[in-house]
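Please read the following explanation alongside the sequence and the model, moving from the ligand outward to the core, to single residues and finally to the backbone.

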Amino acid sequence: MFKKILSVIIICILALSISSCSKTTKKTAANTTSQNTASGNTKAFVITGLTDSDIQVTTGDLQSAPQVTKAVTAVDSAGNKTNFTVKGPLLEDILKKYGKSQKDLSGVRFSASDGYSIALPAEILQNRDIILAIEVNGKPLDAKDMPVRVVIPDERAMYWVKCMVKMEVLKDVAKQSTSKIIFTETVSKSLPVQNYKYFSNTDKAFKISDLVNKYANGINADSAFIKASDNLKQNEQKDTFLNAYIKFTGEDSPAFVAPNMPSGMHVKNILWFSYGQDLFFSVNTGKNYLKKTVMDGKEGISVKDLLTEAGMASSGSYILKGLDGSQAEIKDSDTGNGIISVSDSGDISSYFKGLPKDTNINGLLSIEMKK
Ligand SMILES: Nc1nc2c(c(=O)[nH]1)N[C@H]1C(S)=C(S)[C@@H](COP(=O)(O)O)O[C@H]1N2
Ligand SMILES: [Mo]
């Protein structure tokens with residue numbers, strides 16, 4: 001009986017996640033057309049946080065603004081390239097009507113009707129043209145991509161949001177400074193673990209909410225940052241982040257995933273992710289990302305390099321903690337003589353040349369700044 005209910009729930013979740021933009025878009029379009037008699041007044045997307053009240057941008061607004069036509073190349077995460085020609089107004093020209101410029105914004109999040117969302121960092125807003133495409137290859141957008149496809153030439157296709165329905169101006173996406181590094185390989189041994197279906201494989205994953213409840217400082221953050229081994233840095237909304245999983249076995253691990261999240265939002269081969277003042281670091285990714293260091297025959301990453309990558313290098317002292325409760329203190333001047341290694345069984349350990357044995361911690365959980 002329980003199994004039956006469970007499978008019905010799973011089927012519902014699957015059905016929801018597979019349905020693309022078109023469904024919701026059609027519904028939205030139908031709703032608004034009945035409200036607005038002229039079709040040019042059909043609501044295209046909403047802009048929040050730019051002015052005191054929300055701005056409704058209509059398809060008429062998009063059509064009557066100056067149009068740009070451009071041949072573009074979309075490059076996805078696998079490096080596949082697709083060429084097409086797009087036409088539509090520049091976001092900059094839409095914002096101009098409200099006396100604003102994208103260059104003055106510190107961050108923007110585009111959300112789509114299929115649940116996809118992505119934040120654009122200030123660098124993109126500063127340097128790139130953002131085309132709000134309403135035509136592709138001389139034809140109106142496919143129904144599934146309506147009402148707008150964001151196109152940002154020279155940026156990866158993950159920023160080219162289809163069926164974009166909301167543009168949120170983000171207040172301040174600055175990352176809080178890190179005070180603690182927690183190792184993902186160690187926490188994966190102390191959290192509830194579940195099987196996770198990843199394409200045709202079944203891997204292991206833990207819930208980010210479990211991780212945060214057990215190990216984070218309790219400092220409330222609006223968003224999380226994730227950095228991958230290809231240097232991609234993403235900002236995720238708190239809710240998206242807390243409802244997702246870290247898959248730590250199998251292909252692309254560690255990976256940021258969730259069953260009901262469009263796969264384009266997955267982050268593969270995570271180096272670290274941070275939430276508030278806590279930064280969760282993968283030594284498995286780090287040992288290829290940071291330079292290899294050998295100390296007394298042991299191979300790993302230098303504690304100094306790790307602290308620099310985490311933005312935690314300082315002149316103070318650090319406390320190391322093991323999963324078994326063991327603890328040791330080191331000084332900033334010791335960090336160049338320390339390495340972090342990962343054993344074949346995935347155990348993280350520290351080793352410091354010339355320091356007392358208690359600084360060699362097996363099952364290393366965290367390194368934090370001494371207050
Ligand atoms: N609404 C929406 N937009 C999206 C995505 C998505 O899943 N939903 N995926 C993104 C990613 S990761 C890529 S690589 C491209 C894929 O674009 P294509 O479907 O035109 O090949 O769209 C981007 N825009
Ligand atoms: Mo992608």
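A polar contact is taken here as a pair of N or O atoms within 3.5 Å. In this predicted model, a backbone N or O atom of Trp160 lies 3.0 Å from a nitrogen atom of ligand 1, so that the pair falls within the 3.5 Å that defines such a contact. Two side chains approach oxygen atoms of the ligand: a polar side-chain atom of Arg149 is found 2.8 Å from an oxygen atom of ligand 1, and a polar side-chain atom of Lys162 is found 2.6 Å from an oxygen atom of ligand 1. Taken alone, ligand 1 would expose 530 Å², and the protein buries 73% of that area. The surroundings of ligand 1 comprise 14 residues, of which Ala112, Asp114, Arg149, Trp160 and Lys162 are the closest. By class, this shell consists of 9 nonpolar residues, 1 polar residue and 4 charged residues.

From the ligand we turn to the protein as a whole. Its 371 residues, of which 48% count as buried, include 10 helices and 27 strands as elements of secondary structure. Among the contacts with a separation of 6 or more, 60% link residues that are 24 or more positions apart. The protein exposes about 18400 Å², and carbon and sulfur atoms supply 50% of that area.

The largest nonpolar core has 78 residues, and the members with the most contacts inside it are Phe45, Phe110 and Met167. Helix H7, which spans residues 208-215, contributes the largest share of this core, namely 4 residues. Apart from this core lies another one, of 25 residues, which includes Leu306, Ala328, Ile330 and Ile348. Which residues does Phe45 contact, once its neighbours within four places in sequence are left aside? Phe45 is in contact with Ile55, Gln56, Val57 and Leu62, with Leu132 and Val148, and with the run Met164, Val165, Lys166 and Met167.

Three residues with polar side chains can be followed one by one, beginning with Arg128. Arg128 sits in the loop between helix H5 (122-127) and strand S7 (131-133), and its relative accessible area of 29% makes it partly exposed, because that class lies between the limits of 20% and 50%. Beyond the residues up to four places away in sequence, Arg128 touches Gln102, Ile152, Pro153, Asp154 and Glu155. With one of these, Glu155, the side chain of Arg128 forms a polar contact of 2.8 Å. Arg128 and Lys103, which are 25 residues apart in sequence, have C-alpha atoms 9.4 Å apart in space.

The second residue, Asn235, belongs to strand S16 (residues 233-237). Asn235 has a relative accessibility of 10% and therefore counts as buried, the limit for that class being under 20%. Its side chain makes a polar contact of 3.1 Å with the side chain of Arg109 and a polar contact of 2.9 Å with the side chain of Ser223.

The third residue, Ser302, lies in strand S22, which covers residues 298-302. With a relative accessibility of 8%, Ser302 likewise counts as buried. A polar atom of the Ser302 side chain is placed 3.1 Å from the backbone nitrogen of Asp305. When neighbours within four places in sequence are set aside, Ser302 is in contact with Thr293, Thr335, Gly338 and Ile339.

The backbone itself also deserves a look. Where are the cis peptide bonds described here? Met146 and Pro147 are joined by a cis peptide bond with omega about 5°, and Pro147 is located in the loop between strand S9 (139-140) and strand S10 (149-151). The peptide bond from Ser253 to Pro254 is cis as well, with omega near -10°, and Pro254 occupies the loop between strand S17 (245-247) and strand S18 (255-257).

The loop between S17 and S18 also holds Asp252, which is not a glycine and yet has a positive phi of about 70°. At 19% relative accessibility, Asp252 counts as buried, since the limit for that class is under 20%. Asp296, in the loop between strand S21 (292-295) and S22, likewise has a positive phi, of about 50°, although it is not a glycine. Asp296 is partly exposed, with a relative accessible area of 48%.

Terms used: Residues are numbered from 1 along each chain as its sequence is written. Chains are lettered from A and ligands numbered from 1 in the order in which they are written. This is a predicted model: local features need pLDDT of at least 70, side-chain atom pairs count only at pLDDT 80 or more; totals for chains, interfaces and linings use all residues. Side-chain values use heavy atoms; hydrogens and water are left out. A residue is near a molecule or strand if one of its heavy atoms lies within 4 Å of it. A polar contact is a pair of N or O atoms within 3.5 Å; within protein, one must be able to donate a hydrogen and the other to accept it, and residues adjacent in sequence count only if both atoms are side-chain atoms. Accessible areas come from the Shrake-Rupley method with a 1.4 Å probe; for residues, only the protein chains shown count as cover. Ala, Val, Leu, Ile, Met, Phe, Trp, Tyr, Cys and Pro count as nonpolar, Asp, Glu, Lys and Arg as charged, and the others, Gly among them, as polar. A nonpolar core is a set of buried Ala, Val, Leu, Ile, Met, Phe, Trp, Tyr and Cys residues joined through side-chain atoms within 4.5 Å. Buried means under 20% relative accessible area, exposed over 50%, partly exposed in between (1.4 Å probe, protein chains only). Helices (H or I, at least four residues) and strands (E, at least two) are DSSP runs, numbered from the N terminus. Contact means heavy atoms within 4.5 Å.
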